[in-house]
Every structure is written in structure tokens, then in C-alpha cells.
Amino acid sequence: IAAVNAAYTPLSTIYNGAAWHLGDIMSDDADLGGGGGGDGTETAELDNFNVTSFNPIINVMWAQCYFGILRSNLVVEKIPLVPVMSAAIRNRSLGEARFLRALYYYHLVRLFGDVPLYTNIITAQESTTISRSPKTKVYDQIIADLKLAETLLPNTYGATDKGRATAGAAKGLLASVYLTLGDNT
């Protein structure tokens, strides 16, 4: 459960900053304000659709998604090796990890298109040699993870576990994926 909780942690940074900047600032939902010419240059880049690879908001989104993917991959690989665990907790943990991995890749593929795709535990050195995978392959992995997560996750949780991924969350995200892909599925 602690490992799964760690896989959720990057969502806090994503949804309390990067996703808002990349969604609202880059749309007509927010008006960029500020003082002088050097105030909020990273958000001005987003607002003007003139983003460089040095933009800290883009870098945070990329890094946090891959932190979440790494942690999700750890859960997927290590949970089956835990000798004493109830089937319900094992399935739920694997379902949450698959859901989270799909969610992180979904953020990445919509923002960046082709991205490095890996579903195993890798070292920092190995991460520097992974090339980008075609976005169709990334979407295939997202869909496979969500379909499996839907079968492993419960429909509801008790009060102490509110906020965790459910079968309904997996179905909802899968619907969003299919809507994003349109007739390309």
C-alpha cells in the first residue's frame, strides 16, 4: 500500500501546478497577468505558444509523469513477489498501479506525442537510451492498462480509502482516451 501511495504522489505536483498551466494558461480560460517583462516568463511562453525546452513547467510535467511511471512499474513488478498479501489488496494494488501508469502516459502522449515507453523497472542510465515510441504504441499500452485496471479495481472503497482509483475511474479514463483518439481506434 505504501508503494502504491508513492505512485500517487506526483499527481499533487501535476494537478497543483503543471496541468493548470498547460491547460488554462494555454487556453482562453486564464488571462496572463503580471508586472514587468521578466515576470512569469515561463507562463508567458505558454500563453504565446512559444515554449522552449528550458521551460520549467514543461520540465516539471515531464519529470513528474515519469516519476509516477517509475513508481507504478515498481508496484507492477514487485507486488506479485510479496509473499503475504490478501488477494483483494494484491489485485487492488496492481489495478491502481496500472491505472496510474495509464494516466501518466495519457498526460505525456497528449502533450508531447511520441514519448519513451517502458513498462519495466529501469535504471537512470537506461533511461538516457530509451528512444521515443510512436504515440499509437503508447495509446495501445494505455488502453491495455486501463482495461486490466478495470477488472482489478473495486467499484467503491471504504471511508479510509476514498480518493483511490476505482473501476469507474478506469472506465472514465478509457472513455476519454477513446474520445481523444476519435475514429483512429
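1. A good place to start is burial: 39% of the 185 residues in the chain count as buried. Please keep in mind while reading on that this is a predicted model. The chain exposes about 9,900 Å², and carbon and sulfur atoms supply 55% of that area.

2. On the overall layout, the secondary structure comes to eight helices and two strands. Read from the N terminus, the order of elements is α-α-α-α-α-β-α-β-α-α. Among contacts with a separation of 6 or more, 66% come from residues 24 or more positions apart.

3. Now to helix packing, beginning with α7 and α8. Helix α7 covers residues 135–152, and its axis lies 8 Å from that of α8, at an angle of about 155 degrees. Angles over 145 degrees count as roughly antiparallel, so α7 is roughly antiparallel to α8. The crossing of these two helices is left-handed.

4. Which residues of α7 and α8 meet? From α7 come Y139, I142, I143, L146, K147, A149 and E150; from α8 come A167, A170, K171, L173, L174, V177, Y178, T180 and L181. By class, the residues of this contact divide into 12 nonpolar, one polar and three charged.

5. Helix α8 (residues 167–181) also packs on helix α5 (residues 87–112). Here the angle is about 25 degrees and the axes are 11 Å apart. Because angles under 35 degrees count as roughly parallel, α5 is roughly parallel to α8. The crossing of α5 and α8 is left-handed.

6. In this second contact, α5 contributes F99, A102, L103, Y106 and R110, while α8 contributes A169, A170, L173, S176, V177 and T180. The residues involved divide into eight nonpolar, two polar and one charged. You may like to view α8 with both partners displayed: A170, L173, V177 and T180 are among its residues that meet α5, and these four are also among those that meet α7.

7. One residue deserves a closer look: P116, which lies in strand β1 (residues 115–116). Is P116 buried or exposed? Its relative accessible area is 12%, and the cut-off for buried is under 20%, so P116 is buried.

8. As for the surroundings of P116, leaving aside residues up to four places away in sequence, P116 touches W62, Y66, Y105, I130, S131, R132 and S133. One of these, R132, is 16 residues from P116 along the chain, yet the C-alpha atoms of the two are separated by 4.1 Å.

Technical notes
Residues numbered from 1 in each chain as written. Predicted model: local features only at pLDDT ≥ 70, side-chain atom pairs only at ≥ 80, totals over all residues. Heavy atoms only, no water. Axes fitted to C-alpha atoms, helices over the stretch in contact; angles between N-to-C directions. Parallel < 35°, antiparallel > 145°, perpendicular 65-115°, else oblique. Left-handed = near helix turned anticlockwise from the far one by under 90°. Contact = heavy atoms within 4.5 Å. Nonpolar A, V, L, I, M, F, W, Y, C, P; charged D, E, K, R; others polar. Buried < 20%, exposed > 50% of the residue type's maximum accessible area, 1.4 Å probe, protein only. Areas by Shrake-Rupley, 256 points an atom, 1.4 Å probe, with all protein chains shown as cover.
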